[in-house]
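Reader: Let's go through this one together. Start with whatever I need in order to read the strand pairing.

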Amino acid sequence: MKLVLAIINRDDTRAVTINLTKKGFSSTRLATTGGFLMAGNETLLVGVDEEKVQTVIDIIKEFSHSRKQLIPTNTATEAGYGYFPSAPVEVTVGGATIFVVDIERFERV
């Protein structure tokens, strides 16, 4: 048995979970926050047999989308007189980060 951990942009979570459910997979959603942009994510936990891992990953890939986002940047002055805005930077956010780990033991109580 494997545990698929998928960190997904909050905007994509509904589509991913609906499509996992349609294919017969149960998942647990955890609200999480990313460290880079402090943006809302969801971490999905999906326990599956080893031969079904790729199917779960394929569903996550299909329904998790990357997007461009502008983030503001500020530059501090050397003299300490304050901050001056500079041009925003475009970054790619979204998509999914997926981990697959072995499950040593599983019990339903």
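Author: Two strands are called paired if DSSP finds at least two bridges between them. Helices (H or I, at least four residues) and strands (E, at least two) are DSSP runs, numbered from the N terminus.

Reader: Good. What kind of model is this?

Author: The model is predicted, so local features need pLDDT of at least 70 and side-chain atom pairs count only at pLDDT 80 or more, while totals for chains, interfaces and linings use all residues. Residues are numbered from 1 along each chain as its sequence is written, and side-chain values use heavy atoms, with hydrogens and water left out.

Reader: Fine. How many helices and strands are there?

Author: The protein has 2 helices and 6 strands. Going along the sequence, they come in the pattern β-α-β-β-α-β-β-β.

Reader: And in what order do strands sit in the open sheet?

Author: The sheet has 4 strands in the order β2-β3-β1-β6, and the pairing is antiparallel.

Reader: Which strands stand at the edges, and why is one side of each left without a neighbour?

Author: That's β2 (28-33) and β6 (96-102). Each has a single partner strand, so one side of each has no neighbour in the sheet. From one strand to the next, the twist averages 20°, with axes as lines fitted to C-alpha atoms (for helices over the stretch in contact) and angles running from 0 to 180 degrees between N-to-C directions.

Reader: How many bridges do β1 and β3 pair over?

Author: β1 and β3 pair over 8 bridges, in the antiparallel sense. One residue to click on is Lys-2, which stands opposite Val-48 in β3.

Reader: What about β2 and β3, how many bridges there?

Author: Those two pair over 6 bridges, again antiparallel, with β3 covering residues 40-48. To find your way along that pairing, take Thr-28, whose bridge partner in β3 is Leu-45, and Arg-29, whose bridge partner in β3 is Leu-44.

Reader: OK, on to the helices. Which strands does α1 lie across?

Author: Helix α1 (residues 10-22) lies across β1 (2-9), β2 and β3, and it runs at about 20° to β3. Helix α2 (residues 53-63) lies across β1, β3 and β6, running at about 5° to β1.

Reader: Let's zoom in on α1. Is Thr-13 buried or exposed?

Author: Thr-13, in helix α1, counts as buried because its relative accessibility is 1%. The cut-offs are under 20% relative accessible area for buried, over 50% for exposed and partly exposed in between (1.4 Å probe, protein chains only).

Reader: Which residues is Thr-13 in contact with, leaving aside its sequence neighbours?

Author: Beyond four places in sequence, Thr-13 contacts Ile-8, Arg-29, Glu-42 and Leu-44, where contact means heavy atoms within 4.5 Å. You've already met two of those: Arg-29 and Leu-44 are bridge partners.

Reader: And the next residue, Arg-14, buried or exposed?

Author: Arg-14 is also found in helix α1, but it is exposed, at a relative accessible area of 62%. Its C-alpha atom is 9.8 Å from that of Glu-42, with their positions 28 residues apart along the chain.

Reader: Switching to the sheet. What does Val-46 touch?

Author: Val-46 sits in strand β3. Not counting residues up to four places away in sequence, Val-46 touches Lys-2, Leu-3, Val-4, Leu-20, Phe-25, Ser-26, Ser-27 and Val-56. At 1% relative accessibility, Val-46 counts as buried.

Reader: How far apart are the C-alpha atoms of Val-46 and Thr-28?

Author: They are separated by 6.7 Å, although the two residues are 18 apart along the chain.

Reader: Now the far end. Where is Arg-105 found?

Author: Arg-105 lies in the segment after β6. Its relative accessible area is 66%, so it is exposed. The C-alpha atoms of Arg-105 and Met-1 are 8.5 Å apart, and 104 residues separate the pair along the chain.

Reader: Zooming back out, what share of the protein's residues count as buried?

Author: 27% of the 109 residues do.

Reader: And of contacts between residues at least 6 apart, what share join residues at least 24 apart?

Author: For the protein that comes to 65%.
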